[in-house]
Amino acid sequence: MLRLAGTTGLGAGALAACTAGVKGDPIASGPVTLDLWTHDPGYATYFTGAATDPAITGGSDWQYSIEVTSISPADVVSRTINQAVAQRPLPNLAGLVIDQFPRVMRSGIAENLFVDLTDLTAGLGDRLLKTQPYTVDGRVYAIESDNSISVMWYRADRFAELGIPEDVATWEELLAIGAEIAADTGEAIGMVSNGDNGAIVNGFTQMLLQRGGNLYDADGDLAVLSEESVEVLALMAEGVRTGALLSIADPYGSAAAAALKDGRLIATVMPNWYKVYGLEANAPDQAGLWRARTIPRFAAGGHTASTLGGTAFAVLKDQAETDAALDFLERAYLTPEGQLARYGAGGYLPTLVDLYDAPEFQGITDPFLGDQRIFEVYAAAATDMPLFYQAADASLLRDSLGGPILRAVNGETDPEAALREGLRAYERQASE
């Protein structure tokens, strides 16, 4: 069943007071209906199917059914908090988009609302990727749905015709080649955003993580003013100046779609899900022409992969269905059977790193990529993923950095000066 839900506002005092509250005696076994809130119909489809998939739920003490509420990413958090403060019904499973999670990182909100999943994840150790963005005070409160591995997508036909090596080793080499291509043909080998603060900072962060930098460190302290950040901004500015990188407001909007369709954009670094929502959606006639590879390194170091985006699911605590929901999430998200089914349902990449080498994944070929064995690329990238840390004021940092980063990328200010300007604005607002 699919319902639509809205939200209301909350004051700061109410945030600290929110608690899940007890909804009834725990359901120890038997039939159970789990309420799931998510913004993405893909997750609704997967969880609904997983509930009756014997490979996933076979042997469980519960027989599951799922009731889905379709709700925007921001409203998942807002309404969950509102409902908790008002002691009104809550979901059993809440889908938290990665840039919304910082809203529950303050005032004990995550601790009061969600089951602490640390013991569940600790047993998996380094096998389980991408827990850091959903960690508060060293405790994990949500499980990621998709590794969101950023790779380089490129037009193999144009690379061959233009003489661009498919194994270019560094960003510096690629941008030098890209500058010549842009001057000769007007084609670009990448893109940066000049749109809203979120798009601008996301693009910068994706490249910064690859370089080995971060917005915050593992303790939640600011880390954005670094040599890596300055280097990344300088490289982005040089790419825009020469035309190697195409400046576009929205990587998912009409301008990017037009650039793909008319062949002005022949390569870009984006996560795995961009293949479906960006390339296939906007350039279906280019099927078979695109390929994927790991990202060229920076000459000074870093990774051959990055990450952008994500959605994690949390279990609401102190509900009659909490034990059942925890069992279901573990089966659906932390088992090989669940991760394989999840990929089949929506292309969501495994978060268990050893699965990338499993025959079930290695044997997958992608027609849009000329029948490339895509998991050969993803497997190499998954073993070199950067860590991504968040903090409660992440949205404030994003809004403070967006304008200065854009001016630096456009060559209007020095990269370090731009970062210092953004941090001054952040610190002024954070202290208010």
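The following exchange concerns salt bridges in a predicted model.

Reader: What makes the contact between Arg158 and Glu187 a salt bridge?

Author: The side chains of Arg158 and Glu187 approach to 2.8 Å, N to O, and because a salt bridge requires such a nitrogen within 4 Å of a carboxyl oxygen, the pair qualifies as one. Arg158 belongs to helix α7 (residues 156–162), while Glu187 sits in the loop between α8 (171–185) and β9 (190–193), 29 residues apart, and the pair thus links distant parts of the chain. Both residues are buried, and Arg158, Glu161 and Glu187 are linked in a network of salt bridges.

Reader: Why is Asp384 called buried, and what is the state of its partner Arg297?

Author: Asp384 has a relative accessible area of 17%, and because buried means under 20%, the term applies to Asp384. Arg297, with a relative accessible area of 35%, is called partly exposed because that class lies between under 20% and over 50%.

Reader: How do you know that Asp384 and Arg297 form a salt bridge, and which parts does the pair tie together?

Author: The closest N and O atoms of Asp384 and Arg297 are 3.6 Å apart, which is set against the cut-off of within 4 Å, so the pair counts as a salt bridge. Asp384 lies in the loop between α16 (374–382) and α17 (394–409) and Arg297 in the loop between β12 (290–293) and β13 (306–307), so parts 87 residues apart in sequence are tied together.

Methods
Residues are numbered from 1 along each chain as its sequence is written. This is a predicted model: local features need pLDDT of at least 70, side-chain atom pairs count only at pLDDT 80 or more; totals for chains, interfaces and linings use all residues. Side-chain values use heavy atoms; hydrogens and water are left out. Helices (H or I, at least four residues) and strands (E, at least two) are DSSP runs, numbered from the N terminus. Buried means under 20% relative accessible area, exposed over 50%, partly exposed in between (1.4 Å probe, protein chains only).
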